[in-house]
Amino acid sequence: MILPASYNKHLDLNLNNNPLSESIQIELSNEKLIDSLTILPNAQENFWQLPEVYQMSQLRQLSVVNSPHPYTQALYNKIMSLNLFGYVHRNPFSADTVKIHTNISHSLREKKLYKPENYPGLAPTTAPSVLVSGESGTGKTTLIRSVLSKTPQAVQHSSYKGTPFNKKQLNWLSIDMPATGSPKALCANFFKAVDDVLGTEHKKEWVDKNKFGADVMFGAVQHVAMKHFLGLIHIDELQFILGYKKAEHSPSLQLLESLFNKIGIPVILSCTRQGVDLFQTLKEDDHRIGHDITIVRRMLSDRQFVLGLNKFDSKHFNTLFNALFPRAFILDTNTTRLEEFRSEFHRLSCGLPAIMTRLALLHHEAVQHDFNKVTDQSKGFTSLSPELLRVVYDQQFSLIDPALIALRKHNPEKFESLIRDKSTKNPTYSNSEKLEAENVAKLQQSNPTKVLKTDDNSKGTVASVSSDLSSDEFLQGIGNDEQ
C-alpha cells in the first residue's frame, strides 16, 4: 500500500530539509518496537470445550506466532540509520542527485551498466552492506522483513515546502537471489517486487516483452531503483551465488555492489553461515566475486549479525516455547512433566524456530484428535506426552530427520545440504514440504513449463481427515488423496 507522505523533523539535523528522509518516522521506544512485532495466540480458556472445528481454528494461530529475536532492536537501529543516511546524499533537489539520475539514464541508452568511475566530478556515493547469517530455519528472513515492515514500504509525495514533487518513494525492497545463475531471473525478481508494491509494469517492460541483453536489464534495474528513490534493498539467499556455473553475466558480489551500493543504495544481505565461510575462501579470479578479492571484505564486513541455534536455557527459546504452548492448550499441571516435554521438544527441533513452529502445531493437532476420541475425558488425559511428540516427529519429520541429526552432531554443512531441496534450493521443514518439493521437481522434469501451485498455509500441517481414523492413520496423514 502506498501512503501519502507525511514530513517530520529528525533529531539528527543532517536528515532534515530532504523529503525522502523526512517522510520516514522512527520508533524510538524499544518496548513499543518489540510489542508491535510480537504475535501471540489469543488462546481461549474454554479451548477444550469448543467444537473441533473451532479448536482447529484456534490452533492455526500458532502458524503466525512471532517472538522477536534478541537482535531485533540492534538490527532496527542499523537498518534505519542506513536508510536515513543513504538519503542524505540523494536529496532529490540537489544538483549531484540530478546528475546521477541523468548519467544512469545515459548509460541505459548506451545499453550498459552505470559505473560512477566513468563519470568523474561527482562525490562518492558508495553505500555499505550489512550481513545477517545463520543456519536455515533460524529466522533470518523473518527477522529482517519484520524489522523492515516497521517502515511504510512506499509513500506518495505531491509537494515539499511549496515545491511540486509528484513522486513515489520506495523505502525498501526485499528479493531473493535466483536459484540459477540467470541474470534475467535476478532482474525479474527485482522488477516483480517493485511492481507488486507500486503497481507498475517494469517486469513486463524490461523482461517479458523484450529480449534485452544482461547489461541492458542491469542498467534498467539501476534506472528503476533511482527513479523510485529506493532507500534500501534486502537480498536473501546470497549463498546461491556459490552454486552458479561460470556462465557469462551470472550474478556476482561485484555485480550486486555495482547495481546498488555504488549508486548510494545500502544493501542488507542474508546468507547461511556456511555460505559466508565459503565466500571468504574464494580465490581472487573466481567469477562469483568478480575481479577484485576486496569485494568480499567490502560486502560482508560492515556489520554482521550471526543467528545461532536457540539453546535450551536461552530466553528466546523459552519465550517462543511458551508462545507455542499457551496454558489454555495444555491439560497437564505437572511441572516435572512439562520440563521433560520441553527438553524433548528442544532436542527434536534443535531450537530452530521454523521446526519449533511446525512441530508444536502438529503435536497440538494430534493431541486434539486423540482428546476428542476419548470417551471419558476426565481420566488424566495428558497433552504433554514426550512419547506422542516423538511419534508426531517420526511421522511428519522423518524425511528431514537426517538433516536434523547432522545438526545435532554439530555438522551444519551436512545439515544445509540435506535440508534444501535440490530442485529449488529452498529449505524444507516437514515431510509435506519435502514431498511437495519432490513432486515439483518431477513435474518440472516432465514438463518444465508447468508449475505446481500449493497453498502456503497448509505447509507442514496434518491433513484434515475423518475423525474415525485411528491415531496412527491420522499422524501419517492417511486420507490426503480422498480429501
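Me: Is Leu-28 buried or exposed in this predicted model?
Reply: In this predicted model, Leu-28 is found in the loop between α1 (19-22) and α2 (30-37). Its relative accessible area is 69%, and the cut-off for the upper class is over 50%, so Leu-28 counts as exposed.

Me: Which residues form a nonpolar patch on the surface, and what is their accessible area together?
Reply: Leu-28, the exposed loop residue, belongs to a nonpolar patch on the surface that also holds Leu-11 and Ile-26. Taken together, Leu-11, Ile-26 and Leu-28 have an accessible area of about 360 Å².

Me: Is Asn-310 buried or exposed?
Reply: Asn-310 is also a loop residue, found between β10 (304-307) and α13 (315-324). Its relative accessibility is 8%, and the limit for the lower class is under 20%, so Asn-310 counts as buried.

Me: What is the length of the polar contact that joins the side chains of Asn-310 and His-316?
Reply: Asn-310, at 8% relative accessibility, has a side chain that is joined to the side chain of His-316 by a polar contact. The length of this contact is 3.1 Å.

Me: Why is one side of β1 and of β6 left without a neighbour in the sheet?
Reply: Three strands form an open sheet with mixed pairing, in the order β1-β3-β6. Because β1 (2-4) and β6 (168-170) each have a single partner strand, one side of each is left without a neighbour, and both stand at the edges.

Me: In β6, which residue is the bridge partner of Val-155?
Reply: Strand β3 (residues 154-156) and β6 run antiparallel and are joined by three bridges. For Val-155, the bridge partner in β6 is Gln-169.

Note on methods:
Residues numbered from 1 in each chain as written. Predicted model: local features only at pLDDT ≥ 70, side-chain atom pairs only at ≥ 80, totals over all residues. Heavy atoms only, no water. Pairing = 2+ DSSP bridges. Helix = DSSP H or I, 4+ residues; strand = E, 2+ residues; numbered from the N terminus. Patch = residues over 30% accessible without salt bridge, like charges linked within 9 Å, V, L, I, M, F, W, Y side chains within 5 Å. Areas by Shrake-Rupley, 256 points an atom, 1.4 Å probe, with all protein chains shown as cover. Salt bridge = Lys/Arg side-chain N within 4 Å of Asp/Glu carboxyl O. Buried < 20%, exposed > 50% of the residue type's maximum accessible area, 1.4 Å probe, protein only. Polar contact = N/O pair within 3.5 Å; in protein donor to acceptor, adjacent residues only side chain to side chain.
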